[in-house]
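User: Please take a close look at one part of this model, the pairing of charged side chains. Then place that part in the setting of the chain as a whole.

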Amino acid sequence: MFNKLIKKKMKKIFMTLAAAVLAISASAQVYLGGAAGLTSVSHDGNSTTNFVIMPEIGYNLDDNWALGISVGYGESGKDATKVKTFIVNPYARYTFAKFSKVNLFVDGGFSFENVDSKPLGYKVNTWGIGLKPGVAVNLNEKFSLVAHLGYLGYESAKPDFDGAKAVNTFGLSVDATTVNFGFYYNF
């Protein structure tokens, strides 16, 4: 009798949890997208190809808040001068202004970057925390163009060899290295 009662209660709890998960999933606002870049540099008869790819996934918690992560990989140079970069950037996004087709937001996040440089012969690990303001142009209900414009935060970069000292940076930067463009598909 007691086992039957426990099974019945457990079944009710399980069904309630399943219904809650389905309700959250049904109203989920997931977006996929990211950014990519490809350049070719030619100098004195030598050319190199540089690329970076930064896929991104996010979840809109409500009209103003979202959580997301971008993970990226890039390469520059060739052969003996090749530099490989791996990037992970989880963030929380707050949308503070909405107009008919344009949203203004700020991403607050944490970042990790590992740069493996053949010319230098060692790796550099960079950790950071900061804010990236941005703008989203909603082309329609499903597609958006997104741009980040600047960075305010702290970074610490340390080469991976004995005796290396970290280089710590805090500040505001608005230049070509802090501007990027992406494309989102909203589910």
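Analyst:

**Salt bridges and their surroundings**

Glu75 has a relative accessible area of 18%, so this residue counts as buried (buried means under 20% relative accessible area, exposed over 50%, and partly exposed in between, with a 1.4 Å probe and protein chains only). The side chain of Glu75 meets that of Lys82 in a salt bridge, with 3.3 Å from N to O; the term stands for a side-chain nitrogen of Lys or Arg within 4 Å of a carboxyl oxygen of Asp or Glu. Lys82 itself is partly exposed, because its relative accessibility is 23%.

The model is predicted, so local features need a pLDDT of at least 70 and side-chain atom pairs a pLDDT of 80 or more, while totals for chains, interfaces and linings take in all residues. Numbering starts from 1 along each chain as its sequence is written, and side-chain values rest on heavy atoms, without hydrogens or water.

Searching the whole structure gives 3 salt bridges. Apart from the pair of Lys82 and Glu75, there is a network in which salt bridges link Glu56, Arg93 and Asp107.

One arm of this network runs from Arg93 to Asp107, whose side chains meet at 2.6 Å from N to O. Since Asp107 belongs to strand 5 (residues 102–117) and Arg93 to strand 4, this pair ties together parts that are 14 residues apart in sequence. Strands here are DSSP runs of E with at least two residues, helices are runs of H or I with at least four, and both are numbered from the N terminus. Asp107 counts as buried because its relative accessible area is 5%.

The other arm joins Arg93 to Glu56, where the closest N and O atoms are 3.8 Å apart. Glu56 sits in strand 2 (residues 46–60) and Arg93 in strand 4, so here the parts tied together are 37 residues apart in sequence. Glu56 is buried, because its relative accessibility is 10%. Arg93, with 6%, is therefore buried as well.

The surroundings of Arg93 in strand 4 can be listed in full. Without counting residues up to four places away in sequence, Arg93 touches Tyr31, Glu56, Asn64, Trp65, Ala66, Phe105, Val106, Asp107, His148 and Tyr184, contact being heavy atoms within 4.5 Å. Both salt-bridge partners, Glu56 and Asp107, are thus among the residues that Arg93 touches. Pro133 is 40 residues from Arg93 in sequence, and the two C-alpha atoms lie 9.4 Å apart.

Thr95 lies in strand 4 too. This residue counts as buried because its relative accessibility is 10%. Leaving out neighbours within four places in sequence, Thr95 is in contact with Asp63, Asn64, Asn103, Leu104 and Phe105. Asn64 and Phe105 appear in this list and also in that of Arg93.

Asp62 is placed in the loop between strand 2 and strand 3 (65–76). Asp62 has a relative accessible area of 44%, so it is partly exposed. Tyr94 is 32 residues from Asp62 in sequence, with a C-alpha to C-alpha distance of 10.0 Å.

As for the chain as a whole, it has 1 helix and 10 strands. From the N terminus on, the order of elements is α-β-β-β-β-β-β-β-β-β-β. The chain has 187 residues, and buried ones make up 27% of them. When contacts are taken between residues at least 6 apart in sequence, 49% of them join residues at least 24 apart.

How much confidence does the predictor attach to the chain? The average pLDDT is 86, and 85% of the residues score at least 70; pLDDT is the predictor's confidence in each residue, from 0 to 100. Confidence is highest in strand 4 (residues 83–98), with a mean of 96, and this is the strand that holds Arg93 and Thr95. Helix 1 (residues 2–26) has the lowest confidence, with a mean of 55. Where pLDDT is low, predicted coordinates should not be read in detail.
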